[in-house]
2 protein chains.
Amino acid sequence: MSLAPAKQASPLGCCAPLSREPLTEEGAERAAALLKALGDPVRLRLMSLVASRDGGEACVCDLNDAFELSQPTISHHLKVLHEAGLLDREKRGVWVYYRARTEVLNELAALIGGAA
Amino acid sequence: MSLAPAKQASPLGCCAPLSREPLTEEGAERAAALLKALGDPVRLRLMSLVASRDGGEACVCDLNDAFELSQPTISHHLKVLHEAGLLDREKRGVWVYYRARTEVLNELAALIGGAA
DNA sequence: CAGAGACATAGACATACGTAAATATATACA
DNA sequence: TGTATATATTTACGTATGTCTATGTCTCTG
């Protein structure tokens with residue numbers, strides 16, 4: 001039994017840069033799923049709010065107040081980001097904290113911008 | 001009258017990296033539009049096919065054959081990428097060539113992965 | 001154990017999206 | 001001028017998406 005915290009596999013985990021060689025069908029599926037999750041203004045701001053926080057994590061309670069949207073709507077968007085593999089989720093007492101998976105963001109960045 | 005070829009403004013043209021500071025509402029709007037355009041497997045492969053080509057451009061005739069989709073569907077996706085500002089379009093005789101705007105891809109990459 | 005607060009889930013609704021078939025436009029060439 | 005070829009536009013249709021209201025679940029505290 002390893003004592004190290006379980007390190008989830010990246011939802012992308014592949015692929016040379018876009019401009020270097022044509023994406024495979026499966027690589028495109030995986031990358032597009034991430035891009036689609038980020039392709040909504042609210043989710044992108046949520047991602048940014050979490051990622052730019054000290055420690056790369058934020059409580060839902062803080063996030064709700066940053067938008068003029070209902071709490072369930074924010075919850076829904078966080079779920080989309082979480083299921084895409086872009087946010088980690090941890091419950092601490094009554095509060096839920098989301099943490100940005102910056103490795104995934106970096107992989108994605110390398111994929112779309114990795115060439116010269 | 002300038003003789004240099006018109007250099008279009010980037011559709012993003014802004015914003016510190018996601019993880020560095022919270023995106024503004026407008027910055028998120030612009031970036032999300034690009035991400036959304038890329039957030040479809042077919043469009044992402046199209047983008048990759050064009051960008052990875054020698055010279056960074058490809059003829060529609062080549063692109064159509066790479067998918068088992070109707071010609072109008074490919075045309076539609078190319079239009080989406082073009083209108084998002086990710087592909088330039090040039091007609092040469094009977095053929096139409098699309099060219100990848102790699103500066104835009106790079107800006108986007110810097111936005112989502114720009115931090116450490 | 002009851003009540004309150006934090007967050008998630010379910011259901012409903014209007015709008016947007018991906019796709020295809022049919023049609024239009026434009027260019028080349030006989 | 002007429003026909004063939006390359007690409008775009010239009011229309012239509014089923015499905016997915018973003019949002020809300022209402023409700024459920026979990027956790028702390030009195």
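**View 1. Chain B meets the backbone of DNA strand D.** In this predicted model, an N or O atom in the side chain of B:Tyr98 sits 2.7 Å from a phosphate oxygen of DNA strand D. The elements that put two or more residues into the surface near this strand are α4 (71-84) of chain A, plus α3 (60-64), α4 (71-84) and β3 (95-100) of chain B. The backbone joins in as well: a polar backbone atom of B:Cys61 lies 3.0 Å from a phosphate oxygen of DNA strand D, and for a backbone N or O atom of B:Val96 the distance to a phosphate oxygen of the strand is 3.2 Å.

**View 2. The wider surroundings of DNA strand D.** Which residues are the closest to DNA strand D? They are A:Lys36, A:Thr73, A:His77, B:Gln71 and B:Tyr98, out of 24 residues that surround the strand. Look at what the strand offers in return: 75% of its atoms that come within 4 Å of the protein belong to sugar and phosphate. Sorted by class, the surface near DNA strand D holds eleven nonpolar, seven polar and six charged residues.

**View 3. DNA strand C and the residues around it.** Here 24 residues gather around DNA strand C, and A:Gln71, A:Ser75, A:Tyr98, B:Lys36 and B:His77 come nearest. A polar side-chain atom of A:Ser75 is 2.7 Å from a phosphate oxygen of the strand, while a polar backbone atom of A:Val96 is 3.3 Å from a phosphate oxygen of DNA strand C. Chain B takes part too, with an N or O atom in the side chain of B:Thr73 lying 2.8 Å from a phosphate oxygen of DNA strand C. At least two residues each come from α3 (60-64), α4 and β3 (95-100) of chain A and from α4 of chain B. Of the strand's atoms within 4 Å of the protein, 77% are in sugar or phosphate, and bases supply the rest. By class, the surface near DNA strand C counts eleven nonpolar, seven polar and six charged residues.

**View 4. Where chain A touches chain B.** The contact draws on 34 residues of chain A and 33 residues of chain B. Together the two chains bury about 2,700 Å², with 69% of that on carbon and sulfur atoms. How many salt bridges are counted between chain A and chain B? Just one, and you can find it where the side chain of B:Glu25 meets that of A:Arg45, 4.0 Å from N to O. Six residue pairs are in polar contact across the two chains. On the chain A side, the elements giving two or more residues are α1 (25-38), α2 (41-51) and α5 (102-113). Helix α1(A) makes the largest share, eight residues. Split by class, this side of chain A has 19 nonpolar, eight polar and seven charged residues.

**View 5. A covered helix in chain B.** Is helix α2 (residues 41-51) of chain B mostly covered or mostly exposed? Mostly covered, as ten of its eleven residues are buried. Among them are B:Leu44, B:Leu46, B:Leu49 and B:Val50, and so are the charged B:Arg43 and B:Arg45. At the N-terminal end of α2(B), B:Asp40 acts as a cap, with a side-chain oxygen 2.9 Å from the backbone nitrogen of B:Val42.

**View 6. A salt-bridge network in chain A.** Salt bridges link A:Glu57, A:Glu90, A:Arg92 and A:Arg99 into a network. The side chains of A:Glu57 and A:Arg92 come to 2.6 Å, N to O. That pair joins strand β1 (residues 57-59) to strand β2 (residues 87-92), across 35 residues of the chain. A:Arg99 also bridges to A:Glu57, at 2.7 Å; A:Arg99 is in strand β3 and A:Glu57 in strand β1, so this pair ties together parts 42 residues apart in sequence. A:Glu57 counts as buried at 15% relative accessibility, whereas A:Arg92 is partly exposed at 32% and A:Arg99 is partly exposed at 36%.

**View 7. Cys15 in both chains.** Phi of A:Cys15 is near 80°, a positive value in a residue other than glycine. Most residues other than glycine have a negative phi. A:Cys15 lies in the segment before α1 of chain A and is partly exposed, with a relative accessible area of 28%. In chain B, phi of B:Cys15 is near 80°, and B:Cys15 is partly exposed with a relative accessible area of 30%.

Notes. Residues are numbered from 1 along each chain as its sequence is written. Chains are lettered from A and ligands numbered from 1 in the order in which they are written. This is a predicted model: local features need pLDDT of at least 70, side-chain atom pairs count only at pLDDT 80 or more; totals for chains, interfaces and linings use all residues. Side-chain values use heavy atoms; hydrogens and water are left out. Contact means heavy atoms within 4.5 Å. Buried area is the accessible area (1.4 Å probe) that two parts lose on being put together, summed over both. A polar contact is a pair of N or O atoms within 3.5 Å; within protein, one must be able to donate a hydrogen and the other to accept it, and residues adjacent in sequence count only if both atoms are side-chain atoms. Helices (H or I, at least four residues) and strands (E, at least two) are DSSP runs, numbered from the N terminus. Buried means under 20% relative accessible area, exposed over 50%, partly exposed in between (1.4 Å probe, protein chains only). A residue is near a molecule or strand if one of its heavy atoms lies within 4 Å of it.
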